[in-house]
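User: I'm new to reading protein models and would like a close look at a single part. Could you walk me through it in plain words?

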Amino acid sequence: MNGFPWAAFATGLAWSAAAALAVMLVTFALALRTGTHRIVDSAWGVAFTAVAVVSCVASAGTGDPGRRVLVTVLTAVWGLRLAVHIARRGRGHGEDPRYERLLAKAPGSRSAYALRTVYLLQGALVWLVSLPVQAAQYVPGPLTALAWTGTALWAVGLAFEAVGDAQLARFKADPASRGRIMDRGLWSWTRHPNYFGDFCVWWGLYLIACESSAAAAVCLVSPVVMSLLLTQGSGKRLLERHMADRPGYAAYRARTSGFFPRPPRRRTSADGGSAG
């Protein structure tokens, strides 16, 4: 299929799986030492970066050097920015309530249960979702317009994530915002600019891998899985369930797109004059 180096790719898959596993095991050890498992959220972006770097090294001499560097840099920029943002956001806080609720269900050892249901699962998801990054490293031939289209989509996604996160951080830091719903900036166009940004990032990286029909076929599952995680899994769905009872959220939800950005609907008299 278009001269795709399957044998080399298979070897690279093993190395990338080892990289993702190593990051998660180191994070698990740190979590046991600090007594908090929320650090695994920061490890998510670090693990993607590790997979990209290891894949770049493993694919030396096979794929196009320009494409290898491109997907590695794009993944590292996205992953490390996300890791730093989550680490800053969680600084000074205790355990994440999500992990407290999860570990309360542990049938035996909480640590063993956390290893299986949090760390190993997230490591497997990193490996699966990053298939386009891994496969793109082995695609022969120069970059085409499709790769630059994917890069542009990645840039749109990163901008939505970074700007949305910064806007929300400023809103939460303002004492006047206490008890109010963030409905300004990008948050007036979509209730989840960060999740929409993730969506664009991973479909953009997939397009770069699509310069090979073989890679496109093998990797399609990855952006589909990420999209489902963002909209139906641990992303949008869980957050909105948590926010449902907040004062003003129903009105915000009625006037603001749930995922894909669009201009907000006009406020009604029932919305009031506050930010939500």
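Which hand does the crossing of α1 and α5 have? Please start there and then show me what surrounds that part.

Analyst: Sure! Keep in mind that this is a predicted model. To your question: α1 and α5 cross in a right-handed way. Helix α1 covers residues 6-34, and it packs against α5 at an angle of about 145°, with the two axes 9 Å apart.

Now zoom in on who touches whom. On the α1 side, the contact includes Leu13, Ala17, Leu21, Met24 and Phe28, while the α5 side includes Leu115, Tyr119, Gly123 and Trp127. Sort the residues of this contact by class and you get 14 nonpolar, five polar and no charged.

Let's stay with α1 a bit longer. You can check its length yourself: at 1.5 Å a residue, its 29 residues should span 42 Å, and the C-alpha atoms at its ends are 42 Å apart, so the two agree. Just after α1 comes Gly35, with a positive phi near 80°.

Which residues of α1 are buried? They are Phe9, Gly12, Leu13, Ser16, Ala19, Ala20, Val23, Met24, Thr27, Phe28 and Ala31. Try looking at the spacing in that list with this in mind: an α-helix has 3.6 residues a turn, so residues three or four places apart point the same way. The cover over the buried residues of α1 includes α2, α5, α6 (131-136) and α9 (213-219).

That brings in α2, which also packs against α5. Helix α2 (residues 40-58) and helix α5 (residues 110-129) meet at an angle of about 35°, and their axes are 10 Å apart. This crossing is right-handed. From α2, the contact uses Val40, Asp41, Trp44, Ala47, Phe48 and Val51; from α5, it uses Val118, Tyr119, Gln122, Leu125, Val126 and Val129. By class, that makes ten nonpolar residues, one polar and one charged.

Notice Phe48 in there, as we can follow it further. Phe48 is buried, and so is Trp78. The centres of their rings are 5.3 Å apart and the planes sit at 75°; over 60 counts as edge-to-face, so that's what this pair is. Phe48 belongs to helix α2 and Trp78 to helix α3 (residues 65-90), so the pair links distant parts of the chain, 30 residues apart.

There's another edge-to-face pair to compare with: Phe199 and Phe260, at 5.5 Å centre to centre and 85° between the planes. Phe199 lies in helix α8 (residues 193-209) and Phe260 in the segment after α12 (249-255), with their positions 61 residues apart. Phe260 is partly exposed, at a relative accessible area of 49%. Both rings also belong to a cluster, where ring pairs link Phe160, Phe196, Phe199, Trp203, Tyr206, Phe259 and Phe260. Across the model, the count comes to 19 aromatic pairs.

Finally, go back to the far end of α5 and look for Val129, one of the residues that meets α2. Val129 also touches Ser222, whose contacts beyond its neighbours within four places in sequence are Leu128, Val129, Leu131 and Pro132. Ser222 lies in helix α10 (residues 221-231). Is Ser222 buried or exposed? Its relative accessible area is 0%, and under 20% counts as buried, so Ser222 is buried.

Terms used. Residues are numbered from 1 along each chain as its sequence is written. This is a predicted model: local features need pLDDT of at least 70, side-chain atom pairs count only at pLDDT 80 or more; totals for chains, interfaces and linings use all residues. Side-chain values use heavy atoms; hydrogens and water are left out. Axes are lines fitted to C-alpha atoms, for helices over the stretch in contact, and angles run from 0 to 180 degrees between N-to-C directions. Helices (H or I, at least four residues) and strands (E, at least two) are DSSP runs, numbered from the N terminus. A crossing is left-handed if the near helix is turned anticlockwise from the far one by less than a right angle, and right-handed if clockwise. Contact means heavy atoms within 4.5 Å. Ala, Val, Leu, Ile, Met, Phe, Trp, Tyr, Cys and Pro count as nonpolar, Asp, Glu, Lys and Arg as charged, and the others, Gly among them, as polar. The expected span of a helix is 1.5 Å times one less than its number of residues. Buried means under 20% relative accessible area, exposed over 50%, partly exposed in between (1.4 Å probe, protein chains only). Rings of Phe, Tyr and Trp (its six-membered ring) pair if their centres lie within 6.5 Å; planes under 30 degrees apart count as stacked, over 60 as edge-to-face and the rest as tilted.
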